[in-house]
Amino acid sequence: MPQKKAAAAKRSPSSSSPSSQSPSRSKSRPSEVRIIGGQWKRTRLSVADKPGLRPTPDRVRETLFNWLASIAGAGGGELPGWHCIDAFAGTGALGLEAASRGAASVLLCEQDAALVAQLQAAKTKLSAEAVRIERGNGLTALERVAAGSLDAVFLDPPFDSTTLYEPSLRAAARAVKAGGAIYLEAPRKWTDEELAALGLVGFRYLKAGAVHAHLLRHLANGTA
């Protein structure tokens, strides 16, 4: 099953029945994604024509990285020296955007072999030395990361794989630094109570079509 992201299109459905289809998926899928900022700004990368592949929309990514840059405290939307993981990478749009903006290391984790090959091609095209690509389970990758070692975790599981969300958030909360951030893309808004039970708090939020975009931090960091 592919792992990744648009208000119009990301992930392979786990079932062919109509009831299992996410409302976020449309019949048309983008054929490319665009890097929004950083050293590869405006670079376009091919997107595999796979059912359910759902790249995070440009508008959402631009807003997200403005949020992250405010946490980094760097000018020009940069994330200098950050260590990140894109746990359900798909097209790699989030992780590659982080690398473009100066992240020191970015792990792109993806299960689907064709998408892994596409990620390798994108890494080669960009000469993205900070990027490492791993074929495997994103949750497992998060669980083996050293506690408190990451500045940012990007979580965009398949919308219909609801059982992945809570364990992924729990693993991300352990892996991210006290001053870091977790991006969660989901088919619904997570409540304050649900997040607090995981030691997290909502920092920023937006809704774009069927996409609910959350930027989360540890409770100790507050909401502003």
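Phe-65 and Phe-154 are both buried (under 20% relative accessible area with a 1.4 Å probe, protein chains only). They form one of two aromatic pairs. Rings of Phe, Tyr and Trp (its six-membered ring) pair if their centres lie within 6.5 Å; planes under 30 degrees apart are stacked, over 60 edge-to-face, the rest tilted. Here the centres are 5.9 Å apart and the planes stand at 35 degrees, so the pair is tilted. Phe-65 sits in helix α1 (residues 58–72) and Phe-154 in strand β6 (residues 150–155), so the pair ties together parts 89 residues apart in sequence.

This is a predicted model: local features need pLDDT of at least 70, side-chain atom pairs count only at pLDDT 80 or more, and totals for chains, interfaces and linings use all residues. Residues are numbered from 1 along each chain as its sequence is written, and side-chain values use heavy atoms, without hydrogens and water.

The protein has six helices and nine strands (DSSP runs: H or I of at least four residues, E of at least two, numbered from the N terminus). Buried residues make up 55% of its 224 residues.

Seven strands form an open, mixed sheet, ordered β5-β4-β3-β6-β7-β9-β8 (pairing needs at least two DSSP bridges). Its edge strands are β5 (131–135) and β8 (200–208). β4 (residues 105–110) pairs with β5 in the parallel sense over five bridges. In that pairing, Leu-107 stands opposite Arg-132.

Charges also sit over rings (NZ of Lys or CZ of Arg within 6 Å of the ring centre and within 35 degrees of the ring normal).

| Charged residue | Ring | Distance to ring centre |
|---|---|---|
| Arg-188 | Trp-190 | 4.6 Å |
| Lys-189 | Tyr-205 | 4.4 Å |

Note on methods: Buried means under 20% relative accessible area, exposed over 50%, partly exposed in between (1.4 Å probe, protein chains only).
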